Amino acid sequence: MTIVRDVMTKDVKICAPHDPVTAAAKIMRDINCGSVPICEGKKVVGMITDRDIVLDCVAAGKNPGDVHCHDCMTTNVITCSSDTDAHECAKMMADHQIRRIPVVDSGELVGMCAIGDLATINIHVNEAGEALSRISEQQLH
């Protein structure tokens with residue numbers, strides 16, 4: 001059985017709630033991803049996506065340097081633990097139409113599991129592919 005700890009990224013780039021959204025955007029650019037966890041210390045309090053920044057900031061005509069992450073972030077964050085089965089993690093991604101899940105143990109962020117991490121394990125390619133397919137279908141509607 002493969003668990004999330006075996007495939008997750010441990011060096012997670014984060015932002016604080018009061019950081020400008022430009023800080024989150026730079027992280028997304030630098031590590032080539034579409035979302036960043038927002039943390040107070042090691043506690044995940046939100047997630048911000050490139051889409052959040054575009055819709056809530058840029059399209060609204062706001063100055064990205066003046067908008068803080070807490071202004072755009074999602075607060076009902078789906079998380080898993082490092083002991084979560086990788087199959088279950090893929091199912092969670094599909095069920096919630098998300099591509100990355102913060103990994104939290106004892107209330108603290110310990111990693112991030114992305115759909116690409118699951119796809120690197122041969123036994124999970126079909127599940128990860130289905131999760132991505134279901135995520136993409138939801139975004140088209």
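These legends accompany close-up views of a predicted model.

**View 1. The whole chain holds six helices and four strands.** From the N terminus, the elements run α-β-β-α-α-α-β-β-α-α. The chain has 141 residues, and buried residues make up 41% of them. Among contacts with a separation of 6 or more, 57% join residues 24 or more positions apart. The accessible surface comes to about 7700 Å². Carbon and sulfur atoms own 49% of that surface. A search of the whole structure finds four salt bridges. Three of these appear in the views below.

**View 2. Lysine 13 pairs with aspartate 11 in a salt bridge.** The closest N and O atoms are 3.4 Å apart. Lysine 13 is partly exposed, at a relative accessible area of 37%. Aspartate 11 is exposed, at 56%. The cut-off for exposed is over 50%, so the two residues receive separate labels.

**View 3. Arginine 29 and aspartate 30 form a salt bridge, with asparagine 32 shown alongside.** The closest N and O atoms of the pair are 2.9 Å apart. Both arginine 29 and aspartate 30 are exposed. Asparagine 32 sits in the loop between α1 (21–31) and β1 (35–40). Its phi is near 55°. That is a positive value in a residue other than glycine. Asparagine 32 is exposed, with a relative accessible area of 72%.

**View 4. Aspartate 52 is buried and has no salt bridge.** Aspartate 52 belongs to helix α2 (residues 50–58). Which side chain of opposite charge is nearest to aspartate 52? It is arginine 51, 6.3 Å away. A salt bridge needs a nitrogen and a carboxyl oxygen within 4 Å, so a pair at that distance does not count. Leaving out residues up to four places away in sequence, aspartate 52 touches Met47, Cys57, Cys72 and Thr74.

**View 5. Val54, Leu55 and Val58 make a nonpolar surface patch.** The patch covers about 250 Å². Valine 54 lies in helix α2, the helix that also holds aspartate 52. Valine 54 is partly exposed, at 45% relative accessibility. A residue needs over 30% relative accessible area to enter a patch, so valine 54 meets that part of the rule.

**View 6. Threonine 79 touches residues far along the chain, including Val104.** Threonine 79 is in the loop between α3 (69–72) and α4. At 33% relative accessibility, threonine 79 counts as partly exposed. Threonine 79 and valine 104 are 25 residues apart along the chain. Their C-alpha atoms are separated by 6.5 Å. Other residues that threonine 79 touches are Met92, Ile101 and Pro102.

**View 7. Helix α4 begins with a contact from the side chain of aspartate 85.** A side-chain oxygen of aspartate 85 comes within 2.8 Å of the backbone nitrogen of histidine 87. Which residues of α4 are buried? They are Ala86, Cys89, Ala90, Met92, Met93 and Ala94. One of them, Met92, is also touched by threonine 79. Just after α4, glutamine 97 takes a positive phi of about 50°.

**View 8. Lysine 91 and aspartate 95 form a salt bridge within α4.** The closest N and O atoms are 2.6 Å apart. How far apart do the two residues lie in the helix? They are four residues apart in α4 (residues 86–96), so about one helical turn separates them. Lysine 91 is partly exposed, with a relative accessible area of 45%. Aspartate 95 is partly exposed too, at 34%.

**View 9. Serine 106 has a positive phi although it is not a glycine.** The angle is about 50°. Serine 106 is found in the loop between β3 (100–105) and β4 (108–114). Is serine 106 buried or exposed? Serine 106 is exposed, with a relative accessible area of 81%.

Methods:
Residues numbered from 1 in each chain as written. Predicted model: local features only at pLDDT ≥ 70, side-chain atom pairs only at ≥ 80, totals over all residues. Heavy atoms only, no water. Buried < 20%, exposed > 50% of the residue type's maximum accessible area, 1.4 Å probe, protein only. Contact = heavy atoms within 4.5 Å. Areas by Shrake-Rupley, 256 points an atom, 1.4 Å probe, with all protein chains shown as cover. Lys, Arg positive; Asp, Glu negative; His and termini not counted. Patch = residues over 30% accessible without salt bridge, like charges linked within 9 Å, V, L, I, M, F, W, Y side chains within 5 Å. Polar contact = N/O pair within 3.5 Å; in protein donor to acceptor, adjacent residues only side chain to side chain.
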